[in-house]
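This report walks through a single protein chain, beginning with one residue and widening from there to the fold, its core and its polar pairings.

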Amino acid sequence: MTAAREERGGSPMVEAMSDRVMIFDTTLRDGEQAPGFSMNVVEKLEMARQLARLNVDVIEAGFPISSDEDFQAVREVAKTVGQLEHPPGICGLSRVALGDIDRCWEAVKYAKRPRIHTFVATSDIHLKYKLRKSRAEVLKAAVEAVRHARGYCDDVEFSPEDASRSDFDYMCEVLEAAIDAGARTINIPDTVGYAMPQEWGERIARIRERVRNSHKAIVSVHCHNDLGQAVANSLVAIQNGARQVECTINGIGERAGNASLEEIVMALQTRKDVFGVVTGVRSEEIYRTSKLLSHITGVHVQPNKAIVGENAFAHEAGIHQDGVLKEKLTYEIMRPQDIGRSSNKLVLGKHSGRHAFKIRLKDLGFELDGPELDKAFKRFKDLADKKKEVYDEDLLAIVKDEMTQVPETWVLDYLHFVSGTGLIPSATVRLRREDQPFQDSGTGDGPVEAVYSAIDAIAGIKGRLLDYNLRAVTQGRDAMGEVSVKVDFDGTVVVGKGSSTDVIEASARAYVNAINRLVRPAPAPQVKEIGP
Ligand SMILES: [Zn+2]
């Protein structure tokens, strides 16, 4: 156990004044709630494993009361990642309703380091329109919730939602009462991304002064990026005594997103002279974590995204390139390897065996066994036959396809299409369902449409394509194509993903994936609450 890990278990009073900043990752809760970023239980587990490798302090794995699927996801993360040798804390979000807290505990209790994070809004606008409660009622509910949670575990976090628009004196009163009731962490969220750095920093300093018992808790911040200040606000909060920041990989989250983990961590590391604090994050896992999230969600970061964007370390301008060639430090403030970024490394070839393949996948964050490994290995061999060089990115694309994202009701078995100038594109497709083959054909304005018509005919549905995205996974003419589609099936919108060196096959796989998601959809959320 490292010193930093031990420190966490120590007295919160010591922790509050230490130079160690806790990284609380909410990719799987706040991030996952955002439209287009939803993840199923298996995907959340894969992501949680990688977050543990990244060595974040706490993983907020979900909001257990919100749906059965979210409950299951938090419980599975607690049972697996929460049981590692040096596990991160596994946290569930909960409203102050006592039943919500019971449900949250049921999910996180399997972890070695369980945490319950309870929240209630303290701004007048939320009190009046959302909660329809008086200030006194909300204060009482907060105290009862924290006490109830402490009955289950020591590690309880409390957030006054919409803190940046709350009456300052009243919010401090609630925080003080929450700490007296046993909250170990008080988290100050800028729920609507309204704060500006200078005032936010002053506010954090004033909270620490004003809340009589603030030294007994870790002060945390949770900043949204509506005005592009989430990372700046998180950093200025640290300068004013916050010792936990809540953030997400790639900055995903509600609306414009949350503070991005990689930007905070690398700012603290690169400008240690300014901040004088450390985190426990293994920065060399950052790039891999960012890529994994993109693969799982099908949403890629913009090329100029700080730290993890495609161009973040590319020095294209002639004068820069000259400088970098002579001495890297002329323009590079960070090294690509600091975040674990190696340029398209050749990892495996045609003759690589199953064992090497499995080990490489493990390095990339995937632990496959049994039939899943067999299927992925077969696709790797097929790919290695078609493509001379197989990169990490190719492997990620294969594995993402093979992971049991949804039960595979329909499986693509055979695909043939004809297209060209002066021809009507046509396609023949065979799908299997419970080992029964079904075959049909279709025509269209292009080969993709022809393939989709054939699939529609087999599955007996009609999908309307809302969005179609094709990107090359790696460089080169023989690169794999990754297709993501958004399809409207009679009012239900589903996202599907697929990859192949043949872009028509990738298109077919993506469409079949969407149909499988439609046939076995995730249960609808029971609670439509957003949270801090
Ligand atoms: Zn949030």
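## A residue in helix H20

Ala506 is found in helix H20, and, in this predicted model, its relative accessible area of 0% means that Ala506 counts as buried. When neighbours within four places in sequence are left aside, the contacts of Ala506 are with Gly481, Val483, Gly498, Ser499 and Ser500. Val448 stands 58 residues from Ala506 in sequence, and the C-alpha atoms of the two are 9.8 Å apart in space.

Helix H20, which spans residues 503-519, also holds Tyr511, whereas Phe489 lies in strand S15 (residues 481-489), so the pairing of these two rings ties together parts that are 22 residues apart in sequence. The ring centres of Phe489 and Tyr511 are 6.1 Å apart and the planes meet at 55 degrees, so this pair is classed as tilted. Both Phe489 and Tyr511 are buried.

## Overall composition

The protein contains 20 helices and 16 strands, and 55% of its 532 residues count as buried. Among contacts between residues at least 6 apart in sequence, 67% join residues at least 24 apart. The exposed area of the protein comes to about 22900 Å², of which carbon and sulfur atoms supply 50%.

An exposed position is offered by Pro35, which is placed in the loop between helix H3 (27-33) and helix H4 (41-54). The relative accessible area of Pro35 is 71%, and Pro35 is therefore exposed. Pro35 and Gly253 are 218 residues apart along the chain, yet their C-alpha atoms are separated by 8.7 Å.

## Nonpolar cores

The largest nonpolar core has 114 residues, and those with the most contacts inside it are Ile59, Phe158, Ile188, Trp200, Val221, Phe357 and Phe380. Helix H9 (residues 168-180) contributes the largest share of this core, with 9 residues. Apart from this core lies another, of 26 residues, which includes Trp410, Leu412, Ala427 and Val429.

The surroundings of Phe158 can be described in detail. Leaving aside neighbours within four places in sequence, Phe158 is in contact with Thr118, Val120, Ala142, Val146, Val174, Leu175, Ala178, Ala183, Thr185, Ile186 and Asn187.

## Aromatic rings

Across the whole structure, a search finds 8 aromatic pairs. One aromatic cluster is formed by Phe357, Phe377 and Phe380, and two of its members, Phe357 and Phe380, are also named among the residues with the most contacts inside the largest nonpolar core.

Aromatic rings also meet charged side chains. The charged end of Arg206 sits over the ring of Phe168, at 3.9 Å from the ring centre, while the charged end of Lys79 sits over the ring of Tyr110, at 4.7 Å from the ring centre.

## Salt bridges

Side chains of opposite charge can pair when their charged atoms come close. A search of the whole structure finds 39 salt bridges, including one between Arg135 and Asp124, whose closest N and O atoms are 2.9 Å apart. This pair links distant parts of the chain, with Arg135 in helix H8 (residues 135-150) and Asp124 in helix H7 (residues 124-131), 11 residues apart. Arg135 counts as partly exposed because its relative accessibility is 32%, and Asp124 counts as partly exposed at 38%.

Glu262 and Lys305 form a further salt bridge, again described by its closest N and O atoms, which are 2.9 Å apart. Here Glu262 belongs to helix H12 (residues 261-270), and Lys305 to the loop between helix H14 (286-297) and helix H15 (318-326), so that the pair links distant parts of the chain, 43 residues apart. Glu262 is buried, and so is Lys305.

## A bridge between strands, and a network

In the salt bridge between Arg464 and Asp488, the closest N and O atoms are 3.4 Å apart. Arg464 lies in strand S14 (residues 463-472) and Asp488 in strand S15, so the pair ties together parts that are 24 residues apart in sequence. The two partners fall into opposite accessibility classes: Arg464, at 52% relative accessibility, counts as exposed, whereas Asp488, at 13%, counts as buried.

Elsewhere, Asp413, Arg430, Arg432 and Asp435 are joined into one network by salt bridges that share partners.

Key: Residues numbered from 1 in each chain as written. Predicted model: local features only at pLDDT ≥ 70, side-chain atom pairs only at ≥ 80, totals over all residues. Heavy atoms only, no water. Core = buried A, V, L, I, M, F, W, Y, C linked by side-chain atoms within 4.5 Å. Buried < 20%, exposed > 50% of the residue type's maximum accessible area, 1.4 Å probe, protein only. Helix = DSSP H or I, 4+ residues; strand = E, 2+ residues; numbered from the N terminus. Contact = heavy atoms within 4.5 Å. Phe/Tyr/Trp six-rings, centres within 6.5 Å; stacked < 30°, edge-to-face > 60°. Lys NZ or Arg CZ within 6 Å of the ring centre and 35° of its normal. Salt bridge = Lys/Arg side-chain N within 4 Å of Asp/Glu carboxyl O. Areas by Shrake-Rupley, 256 points an atom, 1.4 Å probe, with all protein chains shown as cover.
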